[in-house]
Amino acid sequence: MQGTFEAPKYLTGDGGPGTVLANDDDPDGIPTADGTMTVDFFCTVPAAATAEEPAGTIIYGHGLLGTRQQTLTSAWWASAGISFLRARLPRHVGHGRRPDRRVLQRPQRVPHGPGPPAAGPPDLPAARAAAAQPGRFASDPAFQDADGRPTIDTDQVALLGASQGGILGGVASSLTDDWTQVILAVPGLGYNLLLRRSIDFDEFFPQVEANYPDELDQTLVLDLLEQLWQRGENAGYAQHLTRDPFEGVPAKHVLLLEAFGDHQVANVSTEKLARTLQIGRRAPTLAEGRSADVEPFWGIDPIELPSDGSGLVMWDFGTPTPPTENLPNRGGDDPHGKLSDVPEALALVLSFVQDATNIDVCGGDPCSSPG
């Protein structure tokens with residue numbers, strides 16, 4: 001199914017490129033809803049779903065420059081009896097648009113940078129509300145059987161955020177009581193840490209280097225920008241996901257999926273997120289000698305499986321060990337998007353979606369797949 005729904009708009013104007021948070025230009029002001037904006041969505045529902053056995057729903061947050069059409073390639077979820085819903089993020093942070101290079105050329109333009117990422121996460125709870133509220137998705141014939149009965153289970157909803165969708169999806173999940181199961185695949189925390197360790201920054205770094213040739217200045221620029229980026233990414237909200245929830249919002253169960261040697265979201269960023277969430281890791285996590293860290297997975301205690309609740313699972317595709325320096329990993333094939341093709345990883349996600357259970361899908365060995 002393809003369609004639209006209305007969501008609160010926390011940006012000025014039409015919410016497109018160049019718009020800012022609707023907070024009366026007060027940098028300390030809390031944005032308020034400025035009318036609504038039309039949100040596009042794609043949703044796949046299993047043909048086998050019935051009113052007696054309706055399909056639960058995974059709300060999907062796509063990665064950098066991804067699109068809502070990615071749901072159309074998610075046939076595995078349909079075979080597992082799960083509907084898959086993707087609403088677009090604002091155009092600054094997805095929908096196939098490139099980030100604004102002017103922010104990196106001249107940071108005085110930053111008011112135009114962090115607004116849309118900060119406003120993007122409300123689209124995800126809005127998608128859940130559209131799927132669950134009476135008179136919305138469940139009342140549309142496209143989501144019903146021949147007798148007008150819903151074939152989607154509006155009480156079984158989880159969020160799956162991948163890459164940048166995992167970085168923004170943590171924000172949405174910390175703010176909503178619409179779901180309790182959260183899967184963040186190859187996510188991170190802190191763009192100021194991540195950017196210099198990501199190959200995705202390669203095409204933008206020359207803009208910074210040309211205007212700020214001194215490496216200390218480059219670091220300061222990213223650290224200053226991070227104070228604004230935190231409005232819309234995990235760094236400002238992760239502590240409220242699992243251990244210090246906002247008032248009226250339940251703590252979440254969070255499954256982190258990490259790809260060893262990731263070229264785009266460095267492992268150090270994913271593991272920083274795990275420590276902030278104070279969650280454990282599946283063990284054995286990596287084969288002996290694979291990590292170059294002095295103390296691999298420092299501060300992330302091992303947990304035994306099966307287990308209920310949150311956890312970090314590492315997957316090794318044979319990518320060379322990442323550098324310990326502030327540089328991207330460029331060795332071998334990038335494993336960043338490979339988890340979506342691993343049946344064992346998908347079985348793990350399905351178990352977690354259904355009852356927040358971490359199961360052992362790797363037979364007691366470190367999780368690995370051929371590259």
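## Surface and overall make-up

How much area does the protein chain expose, and what percentage of it do carbon and sulfur atoms supply? The protein chain exposes about 16,000 Å², with carbon and sulfur atoms supplying 50% of that area; accessible areas come from the Shrake-Rupley method with a 1.4 Å probe, and for residues only the protein chains shown count as cover.

Please keep in mind that this is a predicted model, where local features need pLDDT of at least 70, side-chain atom pairs count only at pLDDT 80 or more, and totals for chains, interfaces and linings use all residues. Residues are numbered from 1 along each chain as its sequence is written, and side-chain values use heavy atoms, leaving out hydrogens and water.

## Fold and contacts

The protein chain holds eleven helices and twelve strands (DSSP runs numbered from the N terminus: H or I of at least four residues for helices, E of at least two for strands). Of its 371 residues, 51% are buried, meaning under 20% relative accessible area with a 1.4 Å probe, protein chains only.

Take the contacts (heavy atoms within 4.5 Å) between residues at least 6 apart in sequence: 75% of them join residues at least 24 apart.

## Helix H5

Eleven of the twelve residues of H5 are buried, so this helix is largely enclosed by the rest of the structure. Among them are Gly165, Gly166, Gly169 and Gly170, along with Ile167, Leu168 and Val171.

## Helix H10

H10 spans residues 267–277, and its buried residues include Asn267, Glu271, Leu273 and Leu277. Strands S6, S7 and S11 are among the elements covering the buried residues of H10, as are helices H6 and H9. Just after H10 comes Gln278, with a positive phi near 60°.

Note on methods. Buried < 20%, exposed > 50% of the residue type's maximum accessible area, 1.4 Å probe, protein only.
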